[in-house]
Amino acid sequence: MGRIVVVGGGASGMMAAGVAAYAGAQVMLLEKNATLGKKLLITGKGRCNLTNATDVEETVARFGPEGRFLYSALNVFPPMATQTFFQERGLGLIVERGQRVFPASGEAGDVVAILETYMRKAGVAVRPSTPVEAILIAEGELDGEASPKVTGVRLKNGQSIEADVVILATGGASYPGTGSTGDGYGMAEKVGHTIQPILPALVPLRVREPWVRGVAGLSLRNVRARLCDGDKLLGSEFGEMLITHFGVSGPIILTLSRFVSPYTSAGRSLRLAIDLKPALNGERLDERVQRDFDKYKRKAIKNALGDLLPKSLIPVVIAESGISPEEAVHQITREERSRLVGTLKALPLTVTGTLPLSAAIVTAGGVTLSEVDPKTMESRLVGGLCFAGEVLNLAADTGGFNLQAAFATGYVAGNHGARMATRSC
């Protein structure tokens, strides 16, 4: 019986190990942490948004241009298969806003427990506190041509473990406190793979405007954020956001953040416009403002916007509109009112960067997808080497899409790894 070594005990690694073992392979999972699923435990604020109840097309679209790579894996293990996998093992699920799927218990630990039980019942040998240093290769043959072939792995303590197949599922470089420190990128690069630049994705944004510090902690619901490079629209999202002492965060900002790093890492800033009243077009909003002005015509403008805005944001909007806060409402000119409406529809912010990788939910960049067979997750460069999860150059929006990709690529890598290991006997 051929041996498979899975490097990494996160979502994709545990799925790959269990699938391969149930398919008849001898499987060993090596995890650098003392416990498995450490990053899984903090996803979804500890609730674990494990997939999204949508179809393959929508899931692929959430990964941008790189999403095409996932078609094969998602057709084999789509979001519905992920839900079924956990439900059949006793985990109740609930679907919340945005089709986000969570354990009904609200506990990420229940997801980890099911994956651990799945592996152990299949006979996977789990070795925690076992960091891997390198993938071992020797001359071999791949697709009929001479190429390197996996022979095993070398641990950081110097010990070598032989294997016919190695599945690299080490995760990305975000949340390093969970053990996700980018080790897999170096291992893959040393055996010939190209690594796309590692950048933070799904991460809060820094902005230039100092006024954010004065309203830090303010949550804005049902707003629309538009991110632009000059006149070019990079992305637009509707929902909830949070103003922080350094900039902005929250679901719609995290989704837009994946566009930011390539620009700001090159020293360029981007424009973020917040539509505070997206349900009203400019004309309807102007009518609404005029009604409020009639209601509060004897007050100063600073005391007349309480029906439209949170109290802490009123001075910000007035200042951005170029109006004196002490000006009486009945003295506001049509031009000033037009500027006020324009600010309400596009409160401007200048994005100067992101928080570091340590604050990112996922990592953008990783193993170049063209060097991996999307139908099997096997390397096109090294025989017997497969990849699964965030170590690949894949990053999607929030909403369970990244974990769905982890489960799907892990499932495919595990099945293919088992076939290869069986053939090597």
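This is a short chat about aromatic rings and one strand in a predicted model.

Student: Hi! What should I know about the model before we start?
Tutor: It is predicted, so local features need pLDDT of at least 70 and side-chain atom pairs count only at pLDDT 80 or more, while totals for chains, interfaces and linings use all residues. Residues are numbered from 1 along each chain as its sequence is written, and side-chain values use heavy atoms, with hydrogens and water left out.

Student: Cool. How many aromatic pairs does the structure hold?
Tutor: Five, where rings of Phe, Tyr and Trp (its six-membered ring) pair if their centres lie within 6.5 Å; planes under 30 degrees apart count as stacked, over 60 as edge-to-face and the rest as tilted.

Student: And why is the pair of F77 and Y411 stacked?
Tutor: Their planes are at 20°, with ring centres 4.6 Å apart, so the pair is stacked.

Student: Is F77 buried or exposed?
Tutor: F77 is buried at 5% relative accessibility, whereas Y411 is partly exposed at 24%. Buried means under 20% relative accessible area, exposed over 50%, partly exposed in between (1.4 Å probe, protein chains only).

Student: Switching topic: which residues of strand β10 are buried?
Tutor: V165 and I167 are buried on one side, V166 and L168 on the other. Strands here are DSSP runs (E, at least two residues), numbered from the N terminus.

Student: What stands opposite I167?
Tutor: V6 does, and in β19 the bridge partner of I167 is C386.

Student: How many bridges join β10 to β19?
Tutor: Three, and the two strands run parallel. Strands pair if DSSP finds at least two bridges between them; β1 and β10 pair in the parallel sense over four.
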